Amino acid sequence: VQLARHPDESAEAQAIARAVRDRRGPRAAWSSQVVLVRTHAQVPVIAEALRRAGVPHHVRGAHGVVERREVRDALDLLRRSGGPLVATLPDLAALAAETEGDAGADLDLVVQLAHDHLRLDPRAGAGGFVSWLVATLQAENGEARRDAVTVATFHAAKGLEWPVVHLAGLEDGLIPIAHARTHAQRAEEARLLYVAMTRAEDELRCTWAASRSFAGKPVERQLTPWLAGLAGQ
């Protein structure tokens, strides 16, 4: 188990990409590693760092979502609205509730991502959210089917294991998530962290950022108190 502090989320993502690349031995598969995050909103900066490092990767559970017609239509409506995301989210949630089958499930995922996005950027515009979402979920043809590093949320990692696990964003406000205020909610957050940490078969690399941008402004961050003992604090 290793724990590392980085100046900001970009430095953290770049360090993770380097560590992923360095840990791929001559006979090891990319798929032996995973990068786990608490929310989907953390994915784009990590995915971009992996791309720049030449690391094949895919976002677990996201393959093909933005190719579905119903999702494309919903995103087009959001893009054309030009308003704040918070004002358009109720309409998106209503559309998801009215849509049956897999399309409805995919729209539910978009709604969940919109809520995640608003928690990190309450003033986000609908158009900006669409651009972020497409960058996050755009299916990378073939990546999910060939050897690639997985990027996933804690939720999506349940029941799975990898030899090397990279946990990103282990900061108070993400771990536990800021809106978890009741005892039951914080207990669920602790359980999620436990699930994420125990996905590692051999090596667990934990990272956090001392500064993270919210609504375009850097915000000072602290290591989650739940890992203070690991940091020797």
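Where in the chain does proline 176 have its place? In this predicted model, proline 176 sits in the loop that runs between strand β5 (162–167) and helix α7 (183–197).

## A cis peptide bond in the loop

The bond that joins isoleucine 175 to proline 176 is a cis peptide bond, with omega at about -5°. Both the strand before this loop, β5, and the helix after it, α7, belong to the secondary structure of the chain, which has seven helices and eight strands.

## Overall dimensions

For the chain with these seven helices and eight strands, the radius of gyration is 18 Å, which is close to the 17 Å that the globule rule gives for 233 residues, so the chain is as compact as a globular protein of that length. Taken along the principal axes, the box filled by the C-alpha atoms is roughly 45 × 40 × 30 Å.

Of the 233 residues in the chain, 48% are buried. When contacts with a separation of 6 or more are considered, 79% of them are accounted for by residues 24 or more positions apart.

## Helix α1: its packing and a buried glutamate

Helix α1 (residues 9–22) packs with helix α2 (residues 43–52) at an angle of about 45°, and their axes are 8 Å apart. Because angles from 35 to 65 degrees fall in neither the roughly parallel nor the roughly perpendicular class, α1 is oblique to α2. The crossing in which α1 passes α2 is right-handed, and the contact is made by Glu9, Ser10, Ala13, Gln14, Ala17 and Val20 on the α1 side, together with Val45, Ile46, Ala49 and Leu50 on the α2 side. Sorted by class, the contact of α1 with α2 has seven nonpolar residues, two polar residues and one charged residue.

Glutamate 12 is also found in helix α1. Its relative accessible area is 3%, and glutamate 12 is therefore buried, since the cut-off for that term is under 20%. Once its neighbours within four places in sequence are left aside, glutamate 12 is in contact with His6, Ala168, Gly169, Thr207, Trp208, Ala209 and Arg212.

## Helices α3, α4 and α5

The axes of helix α3 (residues 69–81) and helix α4 (residues 85–98) come within 11 Å and cross at roughly 165°, and α3 and α4 are therefore roughly antiparallel to each other. In this pair α3 passes α4 in a right-handed crossing, with Ala74, Leu78 and Ser81 of α3 and Thr88, Leu92 and Leu95 of α4 making the contact. By class, the contact of α3 with α4 has four nonpolar and two polar residues, and no charged residues.

Helix α4 also packs with helix α5 (residues 101–120), where the axes come within 9 Å and cross at roughly 160°; because angles over 145 degrees count as roughly antiparallel, α4 is roughly antiparallel to α5. Here α4 passes α5 in a left-handed crossing. From α4, the residues Leu85, Val86, Leu89, Leu92, Ala93, Leu95 and Ala96 meet Gly104, Leu107, Asp108, Val110, Val111, Ala114, His115, His117 and Leu118 in α5. The residues of the contact of α4 with α5 divide into twelve nonpolar, three polar and one charged. Leu92 and Leu95 of α4 thus appear in the contact with α3 and again among the residues that meet α5.

Technical notes
Residues are numbered from 1 along each chain as its sequence is written. This is a predicted model: local features need pLDDT of at least 70, side-chain atom pairs count only at pLDDT 80 or more; totals for chains, interfaces and linings use all residues. Side-chain values use heavy atoms; hydrogens and water are left out. Axes are lines fitted to C-alpha atoms, for helices over the stretch in contact, and angles run from 0 to 180 degrees between N-to-C directions. Helices (H or I, at least four residues) and strands (E, at least two) are DSSP runs, numbered from the N terminus. Angles under 35 degrees count as roughly parallel, over 145 as roughly antiparallel, 65 to 115 as roughly perpendicular and the rest as oblique. A crossing is left-handed if the near helix is turned anticlockwise from the far one by less than a right angle, and right-handed if clockwise. Contact means heavy atoms within 4.5 Å. Ala, Val, Leu, Ile, Met, Phe, Trp, Tyr, Cys and Pro count as nonpolar, Asp, Glu, Lys and Arg as charged, and the others, Gly among them, as polar. The radius of gyration is taken over C-alpha atoms; the globule rule is 2.2 Å times the number of residues to the power 0.38. Buried means under 20% relative accessible area, exposed over 50%, partly exposed in between (1.4 Å probe, protein chains only).
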